[in-house]
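Me: I would like to work through a model feature by feature, and for each feature to learn how it is read before we turn to the case in hand. Could we do that with the one shown here?

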Amino acid sequence: MTENRRWIYGTDHDDPDPYALDPGSTYVELVGGPLDGQLLDITALNADERPDGALLMTDNGAYGPGGRADYEPRPGCTTRWDWSGDVPW
């Protein structure tokens, strides 16, 4: 049986292990939209910044290269952020 491993957002396409989690880091799962299923390292965001979510660069969204996907924390859940739409940059 193979372990289900999630791609880490921001990992280079040629990274030898795009699934490697950094010990001590905090990750959330991105749900829906162009980055569905990826993990986002939110360790650098302090408690005041996390409720704002993040605009994440993606070439796979509605606006193509240079576009952003908007992910926001799921109410009552600290481990998942939901997609709320794409925005141009």
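Me: In which sense do S1 and S5 pair, parallel or antiparallel, and over how many bridges?

Reply: One caution comes before the answer, namely that this is a predicted model. To read a pairing, one takes the two strands and asks about their relative direction and their bridges; here S1 and S5 pair in the parallel sense, over 3 bridges. As a point to look for on the display, Val 31 has Asp 82 of S5 standing opposite.

Me: What is the order of the strands in the sheet?

Reply: Sheet order is read across the sheet, whereas the pattern of elements is read along the sequence. Along the sequence the chain reads β-β-β-β-β, with a secondary structure of 0 helices and 5 strands. Across the open sheet of 5 strands the order is S2-S1-S5-S4-S3, and the pairing is mixed. Strand S2 (39–41) and strand S3 (54–58) are at the edges with a single partner strand each, so that one side of each has no neighbour in the sheet. From one strand to the next, the twist averages 40 degrees.

Me: How do S4 and S5 pair, and how many residues lie between them in the hairpin?

Reply: For a hairpin, one reads the pairing and then the turn. S4 and S5 are antiparallel and share 6 bridges, and Tyr 71 has Trp 83 in S5 as its bridge partner. The hairpin that S4 and S5 form has 6 residues between the strands, and in the turn Gly 76 has a positive phi of about 75 degrees.

Me: Which side chains along S3 are buried, and which are not?

Reply: On a strand, it helps to follow the side chains residue by residue and to note the face to which each one points. In S3 they alternate: Ala 54, Leu 56 and Thr 58 point to one face and are buried, while Leu 55 and Met 57 point to the other face and are not buried. S3 is also joined to strand S4 (residues 67–73) by 5 bridges, and these two strands run antiparallel. Two residues of the buried set can be located through their partners, since Leu 56 stands opposite Ala 69 in S4, and Thr 58 stands opposite Gly 67 in S4.

Me: What does Thr 58 touch, leaving aside residues up to four places away in sequence?

Reply: The environment of a residue is read from its accessibility together with its contacts. Thr 58 has a relative accessible area of 6%, and therefore counts as buried, the cut-off being under 20%. With residues up to four places away left aside, Thr 58 touches Pro 34, Leu 35, Gly 64, Gly 66, Gly 67, Arg 68 and Ala 69. A polar atom of the Thr 58 side chain also lies 3.1 Å from the backbone nitrogen of Asn 60.

Me: Which residues are linked in a network of salt bridges?

Reply: Such a network is read pair by pair, with attention to where each partner lies. The count is 3 salt bridges, and the network links Arg 6, Glu 29 and Arg 80. The side chains of Arg 6 and Glu 29 form a salt bridge at 2.6 Å, N to O. Arg 6 belongs to the segment before strand S1 (27–31) and Glu 29 to strand S1, so this pair ties together parts 23 residues apart in sequence. Glu 29 and Arg 80 also form a salt bridge through their side chains, at 3.4 Å, N to O. Because Glu 29 lies in strand S1 and Arg 80 in strand S5 (residues 80–87), that pair ties together parts 51 residues apart in sequence.

Me: Are these partners buried or partly exposed?

Reply: Here each residue needs its own value. Glu 29 counts as buried at 17% relative accessibility, whereas Arg 6, at 29%, counts as partly exposed, and Arg 80 is partly exposed with a relative accessible area of 32%. A further salt bridge joins the side chains of Asp 82 and Arg 74 at 2.7 Å, N to O; Asp 82 is partly exposed at 22%, and Arg 74 is partly exposed at 26%.

Me: What is the radius of gyration of the chain, and what would a compact globule have?

Reply: An overall dimension is read against a reference for the chain length. A compact globule of 89 residues would have a radius of gyration near 12 Å, and the chain, with 13 Å, agrees with this. Along the principal axes, the C-alpha atoms fill a box of roughly 35 × 30 × 25 Å. Of the 89 residues, 30% count as buried.

How values were computed. Residues numbered from 1 in each chain as written. Predicted model: local features only at pLDDT ≥ 70, side-chain atom pairs only at ≥ 80, totals over all residues. Heavy atoms only, no water. Pairing = 2+ DSSP bridges. Helix = DSSP H or I, 4+ residues; strand = E, 2+ residues; numbered from the N terminus. Axes fitted to C-alpha atoms, helices over the stretch in contact; angles between N-to-C directions. Buried < 20%, exposed > 50% of the residue type's maximum accessible area, 1.4 Å probe, protein only. Polar contact = N/O pair within 3.5 Å; in protein donor to acceptor, adjacent residues only side chain to side chain. Contact = heavy atoms within 4.5 Å. Salt bridge = Lys/Arg side-chain N within 4 Å of Asp/Glu carboxyl O. Rg over C-alpha atoms; globule rule 2.2 N^0.38 Å.
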